[in-house]
Amino acid sequence: MKILVLNGSPRKGNTLTAINAFAKGVSDNHELEVVDTYKLKVAPCTGCGACQCYKGCVAKDDSNMIVDKIVEADVVVFATPVYWWGITAQMKLVIDKCYCKGAYLKNKKVGIIVVGGANTNDKQYELIKGQFDCISGYLSWDLLFYNAYSATKTDDLANCQSAIKELESLGAILD
Ligand SMILES: Cc1cc2nc3c(=O)[nH]c(=O)nc-3n(C[C@H](O)[C@H](O)[C@H](O)COP(=O)(O)O)c2cc1C
């Protein structure tokens with residue numbers, strides 16, 4: 001399967017650690033690509049409607065490139081830090097642009113990895129899960145996993161062996 005991981009963090013910290021641990025557990029039978037959303041040039045969706053949900057975006061930036069990668073992927077993993085009780089702006093810019101090919105985005109397998117500073121029983125993880133549950137319902141996505149971790153300093157997650165082991169084991173779900 002083609003697995004696309006969208007990294008929503010702009011720093012080399014916990015989300016990247018989580019992605020690397022996840023990638024380690026994915027078997028070589030699959031093709032895995034990680035895209036750092038902060039490196040993309042994606043203008044915010046203006047709601048112009050020119051795409052009609054299948055024609056692609058009129059913006060002359062990385063919007064179509066990243067949405068086409070999502071369309072082509074069998075599995076999309078959204079990995080994001082918590083910023084203000086939600087996903088990062090970098091991740092949201094990409095998700096908004098999914099509108100331009102929404103008609104081709106149905107029936108994907110999806111995984112979610114979230115890292116926030118607060119404890120994992122905090123409301124923010126519920127809010128983010130709720131958002132992805134709604135998107136998954138709308139696009140008939142199969143939500144394979146939702147894993148939330150509490151970590152603040154850039155190396156906090158790397159120092160949590162139980163989290164790393166859990167992340168490494170997620171790949172087996174795809175076999
Ligand atoms: C702008 C900003 C907003 C944040 N808001 C929250 C928040 O609402 N809840 C939370 O638990 N952590 C919040 N954090 C902490 C980060 O989620 C946390 O440090 C996380 O480990 C960052 O992931 P990273 O190392 O992959 O960048 C925020 C951090 C920043 C920079």
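Leaving aside its neighbours within four places in sequence, which residues is Ser136 in contact with? Here are some notes on this predicted model, starting with that residue.

1. **Ser136.** The residues in question are Trp141 and Leu143. Ser136 itself sits in helix 4, and it counts as buried because its relative accessibility is 5%, under the 20% limit. Its side chain also reaches back along the chain, to the backbone oxygen of Phe132, at 2.7 Å.

2. **The largest core.** Phe132 turns up again here: in the largest nonpolar core, which has 31 residues, the members touching the most other members are Leu6, Ile66, Ile70, Phe78 and Phe132. At least two residues each come from strand 1 (2–7), helix 2 (63–72), strand 3 (75–81), helix 3 (89–97), strand 4 and helix 4 (123–139). Helix 4 gives the most, with 5 residues.

3. **Ile70 and a second core.** Ile70 is worth a look while you have the core on screen. Neighbours within four places in sequence aside, Ile70 is in contact with Leu4, Leu6, Val76, Val94, Cys98, Leu105 and Lys108. There is also a second, separate core of 21 residues, and among its members are Ala18, Val77, Tyr149 and Leu157.

4. **Helix 1.** Ala18 belongs to the buried set of helix 1, together with Asn14, Thr15, Thr17, Ile19, Ala21 and Phe22. What do these buried residues pack against? Their partners are strand 1, strand 2 (31–36), strand 3, strand 4, strand 5 (142–150) and helix 5 (161–169).

5. **Asn14.** I would pause at this residue of helix 1. Asn14 counts as buried because its relative accessibility is 5%, again under 20%. Its side chain reaches the backbone nitrogen of Leu157 at 3.0 Å. Not counting residues up to four places away in sequence, Asn14 touches Val115 as well as Ala151, Thr152, Lys153, Thr154, Asp155, Asp156 and Leu157.

6. **Around the ligand.** Ala151 appears once more at the ligand: of the 17 residues around the ligand, those that come nearest are Thr15, Val82, Ala118, Gln124 and Ala151. Sorted by class, this shell holds 8 nonpolar, 8 polar and 1 charged residues.

7. **Polar pairs with the ligand.** Which atoms are involved? Thr15 places a polar side-chain atom 2.6 Å from an oxygen atom of the ligand. With Trp84, a backbone N or O atom lies 2.9 Å from a ligand nitrogen atom, and with Trp85, a backbone N or O atom lies 2.9 Å from a ligand oxygen atom. The ligand taken alone exposes 640 Å², of which the protein buries 76%. Two elements give two or more residues to the shell: helix 1 (14–24) and strand 4 (109–116).

8. **Trp84.** Is this ligand neighbour buried or exposed? Trp84 counts as exposed because its relative accessibility is 78%, over the 50% limit. Its place is in the loop between strand 3 and helix 3. The backbone deserves a second glance too: Trp84 has a positive phi of about 55° although it is not a glycine.

9. **Asn107.** Another positive phi occurs at Asn107, at about 60°, and this residue is not a glycine either. Asn107 lies in the loop between helix 3 and strand 4. It counts as exposed because its relative accessibility is 60%, over 50%. What does Asn107 touch, not counting residues up to four places away in sequence? The answer is Leu139, Ser140 and Trp141. For Trp141, the C-alpha atoms of the two residues are separated by 4.7 Å, although they are 34 residues apart along the chain. Trp141 also brings us back to the opening point, as it is one of the contacts of Ser136.

Notes
Residues numbered from 1 in each chain as written. Predicted model: local features only at pLDDT ≥ 70, side-chain atom pairs only at ≥ 80, totals over all residues. Heavy atoms only, no water. Near = heavy atom within 4 Å. Polar contact = N/O pair within 3.5 Å; in protein donor to acceptor, adjacent residues only side chain to side chain. Areas by Shrake-Rupley, 256 points an atom, 1.4 Å probe, with all protein chains shown as cover. Helix = DSSP H or I, 4+ residues; strand = E, 2+ residues; numbered from the N terminus. Nonpolar A, V, L, I, M, F, W, Y, C, P; charged D, E, K, R; others polar. Buried < 20%, exposed > 50% of the residue type's maximum accessible area, 1.4 Å probe, protein only. Contact = heavy atoms within 4.5 Å. Core = buried A, V, L, I, M, F, W, Y, C linked by side-chain atoms within 4.5 Å.
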